[in-house]
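Reader: I am new to this one and would like to know how the descriptions of it are reached. Could you take me through the reasoning?

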Amino acid sequence: MFRDDHPLCLQCKDAALDKRGARWLCTACGSSLVPANELQDALNEVSPDDWRELEQRLCPSPRLAKRKLMCPLCKTLMESYAIIDVEIEVCAAHGAWLHRNDEMRMVLRNEAMFTARNSRTPRGALVPLGIGIIFGALLSPWLDKRRLRKDIERTSPPPKPKSK
């Protein structure tokens, strides 16, 4: 890209992207090209117990795989992924292309999963109060780790098949 060139929005097709810090933003539709480290930091900030790299959160998106978008900066083909059921396109060099409000939806869903994992609801309501509190205190760390593991399994890409 040359100094006088302005990258164009992938959504609007004709609106120029404005550089805002490390991001490129379309003022017409609100879509943006967000660096991978910024997106990863936003997700990790609302879920402090889940510090995965962004690549570990990217699940293949077969629905978007048919749509081939080119990175507005380097003109390479972007890969289609989903993070917590929000579909995005990713350029390995420049980050993730997010449509309007996609980042907010990802952050809010990640925060909701964290809140559900770490809710302090009583875990032994049918057991007499004293015994329930003791068992709840003993099992609470194990249950929290189990909930985190289940959320990570649910939001991570499927394991790659082992080659023979």
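**How the terms are earned**

Author: Gladly. Strand 5 and strand 6 pair in the antiparallel sense over 5 bridges. Please keep in mind that this is a predicted model.

Reader: What makes strand 5 and strand 6 count as paired?

Author: Two strands pair if there are at least two bridges between them. Strand 5 and strand 6 have 5 bridges, so they meet that condition. To see one position, look at Ala82, which stands opposite Glu87 in strand 6.

Reader: How do you know that strand 4 and strand 5 pair too?

Author: The cut-off is at least two bridges. Strand 4, residues 59-60, and strand 5, residues 79-83, have 2 bridges, in the antiparallel sense, so they count as a pair. Cys59 has Ala82 of strand 5 as its bridge partner, and Pro60 stands opposite Tyr81 in strand 5.

Reader: In what order do the strands of the sheet stand?

Author: The order is 1-2-3-7-6-5-4, an open sheet of 7 strands with antiparallel pairing.

Reader: Why are strand 1 and strand 4 said to stand at the edges?

Author: Strand 1 (17-20) and strand 4 each have a single partner strand, so one side of each is left without a neighbour in the sheet.

Reader: What makes Ile84 stand out in the hairpin of strand 5 and strand 6?

Author: The hairpin has 2 residues between its strands, and Ile84 takes a positive phi there, near 50°. Most residues other than glycine have a negative phi. Ile84 has a positive value and is a residue other than glycine. Asn101, in the loop between strand 7 and helix 2, also has a positive phi, near 70°.

Reader: Is Ile84 called buried or exposed, and why?

Author: Buried means under 20% relative accessible area. Ile84 has 12% relative accessibility, so Ile84 counts as buried. The reasoning works for Ser32 of strand 3 as well: at 8%, Ser32 counts as buried. Ser32 touches Trp24, Leu25, Ala96, Trp97 and Leu98, leaving aside residues up to four places away in sequence.

Reader: What makes a group of residues a nonpolar core?

Author: The members must be buried residues of certain kinds, such as Ala, Leu, Ile and Met, joined through side-chain atoms within 4.5 Å. The largest such core here has 17 residues, of which Leu39, Leu43, Ile83, Ile88, Ala96, Leu98 and Met106 touch the most other members. Helix 1 (36-46), strand 6 (86-91), strand 7 (95-98) and helix 2 (102-117) each supply at least two residues of this core. Helix 1 gives the most, with 4 residues.

Reader: Which residues of helix 1 are buried, and what do they pack against?

Author: Leu39, Gln40, Ala42, Leu43, Asn44 and Val46 are buried. The buried residues of helix 1 pack against strand 3 (32-34), strand 5, strand 7 and helix 2. Leu39 gives a close-up of this: Leu39 touches Val34, Leu54, Ile83, Ala96, Leu98, Glu103 and Met106, not counting residues up to four places away in sequence. A second, separate core has 14 residues, including Cys9, Cys29, Cys71 and Leu73.

Reader: How many disulfides does the structure hold, and how do you know?

Author: The structure holds 0 disulfides. A disulfide needs a pair of cysteine sulfur atoms within 2.5 Å. For Cys74, the nearest cysteine sulfur is that of Cys91, 3.7 Å away, so the cut-off is not met and Cys74 is in no disulfide. For Cys91, the nearest cysteine sulfur is that of Cys71, 3.6 Å away, so Cys91 is in no disulfide either.

Reader: Why is Cys74 called partly exposed but Cys91 buried?

Author: Partly exposed lies between the 20% and 50% cut-offs. Cys74 has a relative accessible area of 31%, so Cys74 is partly exposed. Cys91 has 3%, so Cys91 is buried.

Reader: Which residues line the largest pocket?

Author: They are Ala36, Leu54, Glu55, Leu58, Leu77, Glu79, Tyr81, Val90, Cys91 and Ala92. Strand 5 and strand 6 each supply at least two residues of this lining. The space in the largest pocket is about 180 Å³.

Technical notes. Residues numbered from 1 in each chain as written. Predicted model: local features only at pLDDT ≥ 70, side-chain atom pairs only at ≥ 80, totals over all residues. Heavy atoms only, no water. Buried < 20%, exposed > 50% of the residue type's maximum accessible area, 1.4 Å probe, protein only. Contact = heavy atoms within 4.5 Å. 1 Å grid on protein atoms, 1.4 Å probe; cavity = no way out; pocket = protein on both sides within 12 Å on 5 of 7 lines; lining within 4 Å. Points joined across faces, edges and corners; volume = space filled by probe spheres on them.
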